[in-house]
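Colleague: I would like a close look at a single part of this model, followed by whatever else helps to place that part in its surroundings.

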Amino acid sequence: MKTNLIKKIFRNYRLQEKDKVIIVRLVDEAMDIPRCEEILDFIIELKLDKSSIIGFLGYQLFKVKPEKADLISQNFTKDELSIYNGFKNLKDIRYVSKTEEAEDIRKMFLGMGNDIRVVVIKLAGILYDVKHLSLPLNEVDKDFVANVKEVFAPLAERLGLSSMKSYMEDYCFKLQDPVMYNALVSELERQKESNEKQIEITKARLQIILNELGLQGEIQARQKHVSSIFRKIKAQNVTMAQIYDLIAMRVLVNTVEDCYAVFGKIHAIYKPVPGRVKDYISNPKPNGYQTLHTTVIVENKRPLEIQIRTFDMHKNCEYGIAAHWIYKEKRSGTTKLDKKLSWFREIMENAHTLSPEDFIESLKTNLYSGEIFVQTPKGKVLEFPNGSTIIDFAYAVHSEIGNHCTGGKINNVMKPLYTELKNGDVVEIITSQSSKGPSRDWLNHVKTSSARSKIKNFFKNELVGENIKSGKTMFEEAAKARNYSAAQLLDEKYIDEMLFKYSMASLDELYAAIGSGSLVASQVVGRFIALYGKEHELFKPKENVVKISTNADGVIIDGATGLLIRYAGCCHPVVGDDIVGYISHGNGVTVHRKDCQNLKYLESERLIDAEWEDKVKTDFIAEIRAQTEKGVGMINKITNALTLAKISIRAFEVKEMAGGLEFSIVLFVKNKSEIEKAINSLSSIKEVKRVYRAN
């Protein structure tokens, strides 16, 4: 498999001997070859350069053997090292906490300012991850799928990576609504033969058009993506049977003139559907998409969408901004690529000043909102997302204009500041030097991240004293909520390390950032606690291992120290499980199973070895889940099987799912072997498709 991967790279790239040696070393050391190969196929399809390949492979190795990767990277070129380091700065988005996730998405955009290739390849990795998820999803994966749908698929579309966006949406749809997804796929399969016949007929007629015009071209056919069909069903409130344009044809030609010539000929032989003719060549979409669209009635009396575009337009439609990297060495000065990225500049500039959570909200606004175009009185055209107000316009002109804005005229008529703008409006801002500045309420009425950032900066810079005071109070309250005092945490060496981490000069600057909303108090306190815990080793037993037993009263204790123990409610460890302890502040030690998914969210320095002693006599709680076929008497079969196995049931829940039922059963058990006994008992029921222990 590794040999095939190396051959594929060598076949698609002209490499020097030095490059070949590096690639062989990286692939030979890397672990997850199937993932590497699938993402690599995408990189090759986009025709990204060999620096992208080497930087990506270097990062794959870094994830499993960081020392080895850093050693090999010493032989990278500057360009290869830039991509490699760009990946290292990003966490694995699928396995980070909510706050870290928002921070990592923000870093993606900051990284884009240096090298968009990192982001495009990162999106390919996200596509791979969501593609290979399977049901049932745990909570972490549910959050990941939601972010793919809400953030990364729209981002791919905004970058012009239309194919990637569609596949992301399909995989999310399959995971979030499997019943509807499978129903639509079945209906598409039923219509497949009829659609293929119509494709052949239309393809032949389109080829005749190209021949008559004397044009060289290519004709393609594609089926609409399942997620796109579902959106149409919801938007138009129709059934699958009422949607006829499930397939689309595409004609690729050499020039714009050829596009319009083919367009005219198609309308000469097919009747167009009113309202379904769109010219995105003269009026491109915000992401640069250019194509002629028309829907016509074909031989089977059904609508068929036909798209006409040039080969260059097709390259941009399929590969988006990434396609421009093919020619990156030839770029000089301001290019079309720079113009296409103009909508990013505002986001990247504000990524430095907004909190991660505010940044994500701002990002979603930019990704989802339609565009409107508004003019200044002198005729300069400015672009805004739908829902933008006079305040957004004022800050787009200049920060000082926004700060001193008191009103505005829309088409020479005075309007309130919160008035939303419409396409074609001419806007004039009214200012006053006596104005005291923006109101915090303005933050509830702006759409652009630029306006939001500038308003927050005003309060950050103009109200420094107030921010320091409120930030200090917020810090103290967050520390108190974690059972610490600020005095415990504000040791000089901890402060120095935190100021270095946040690139700040003083504790007051840190307080001011918390008070202005640029930093989250609980997050800052958490990092102080981590430093404090490392030094003090709180509640750590002398033997550095928790030995779990019970005392005469049946209370769960550490046999070595007498320290009280509690079991984690997320994973319900029992005797026989491999376990680990987590040292909490003021609450003893919490015991988790070693395979508990929540361990990755805990401070690693507080984890400690744990083991069971022989005399642990207590009832444990455990949860198992069973997926079964639908059928009369399933509840009785499940409960009877557990009763016969002499397993005590504490709680019981059943719900319908795609293709059957899912049982959640909470048990009282003595040890792990009783859980296995329960699972084996349920597995023997022929209608039971899957039984497993819940985390």
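Colleague: Which side chain meets that of Asp41 in a salt bridge?

Modeller: This is a predicted model, and in it the side chain of Asp41 meets that of Lys8 in a salt bridge, with N and O 2.8 Å apart. Asp41 belongs to helix 3 (residues 33–45) and Lys8 to helix 1 (residues 2–12), so the pair ties together parts that are 33 residues apart in sequence. The two partners can also be described by their cover: Asp41 is partly exposed, with a relative accessible area of 34%, whereas Lys8 counts as buried at 14%, because buried means under 20% relative accessible area.

A second bridge, between Asp19 and Lys50, has its closest N and O atoms 3.2 Å apart. Here Asp19 comes from helix 2 (residues 17–29) and Lys50 from helix 4 (residues 50–64), so this pair joins parts that lie 31 residues apart in sequence. Asp19 is buried, at 5% relative accessibility, while Lys50 is partly exposed, at 22%.

Further along the chain, Glu212 and Lys265 form a salt bridge with an N to O distance of 3.4 Å. Glu212 lies in helix 11 and Lys265 in helix 13 (residues 256–269), so the bridge ties together parts 53 residues apart in sequence. Glu212 is exposed, with a relative accessible area of 54%, and Lys265 is partly exposed, with 32%. To return to the part you asked about, Asp41 and Lys8 are joined with Glu37 into one network by salt bridges that share partners. The count for the structure comes to 15 salt bridges.

Helix 11 (residues 178–213) also holds Gln198, which is buried at 4% relative accessibility. Beyond residues up to four places away in sequence, Gln198 touches Val298, Glu299 and Asn300. Val298 is 100 residues from Gln198 in sequence, yet their C-alpha atoms are 8.1 Å apart in space. Ser73, in helix 5 (residues 66–73), is likewise buried, at 7% relative accessibility, and, its neighbours within four places in sequence left aside, Ser73 is in contact with Leu81 and Tyr84.

Helix 8 (residues 116–131) has 16 residues and reaches 23 Å from its first C-alpha to its last, close to the 22 Å expected at 1.5 Å a residue. Of these 16 residues 15 are buried, so helix 8 is largely enclosed by the rest of the structure. In the loop between helix 8 and helix 9 (139–158) lies Pro136, and the peptide bond that leads from Leu135 to Pro136 is cis, with omega near -5°.

Some backbone details deserve separate notice, since most residues other than glycine have a negative phi, and most peptide bonds are trans. Asn411, which is not a glycine, has a positive phi of about 55°; Asn411 sits in the loop between strand 9 (405–410) and strand 10 (413–415) and is partly exposed, with a relative accessible area of 42%. Lys646 also has a positive phi, near 60°, and is placed in the loop between helix 26 (634–644) and strand 19, where its relative accessible area of 73% makes Lys646 exposed.

Strand 19 (residues 648–657) supplies the largest share, three residues, of a nonpolar patch. That surface patch is formed by Ile635, Ile649, Phe652 and Val654, which together have about 280 Å² of accessible area. Val654, located in strand 19, is partly exposed, with a relative accessible area of 33%.

As for cysteines, the structure holds zero disulfides. Cys571 is in no disulfide, and the nearest cysteine sulfur, that of Cys596, is 3.8 Å away, whereas a disulfide needs sulfur atoms within 2.5 Å. Cys571 counts as buried at 1% relative accessibility, and Cys36 is buried, with a relative accessible area of 1%.

Finally, the setting of these parts is a protein with 27 helices and 21 strands, in which buried residues make up 49% of the 695 residues. Among contacts between residues at least 6 apart in sequence, 66% join residues at least 24 apart. The protein exposes about 34600 Å², of which carbon and sulfur atoms supply 49%.

How values were computed
Residues numbered from 1 in each chain as written. Predicted model: local features only at pLDDT ≥ 70, side-chain atom pairs only at ≥ 80, totals over all residues. Heavy atoms only, no water. Helix = DSSP H or I, 4+ residues; strand = E, 2+ residues; numbered from the N terminus. Buried < 20%, exposed > 50% of the residue type's maximum accessible area, 1.4 Å probe, protein only. Contact = heavy atoms within 4.5 Å. Areas by Shrake-Rupley, 256 points an atom, 1.4 Å probe, with all protein chains shown as cover. Expected span 1.5 Å × (residues − 1). Patch = residues over 30% accessible without salt bridge, like charges linked within 9 Å, V, L, I, M, F, W, Y side chains within 5 Å. Salt bridge = Lys/Arg side-chain N within 4 Å of Asp/Glu carboxyl O.
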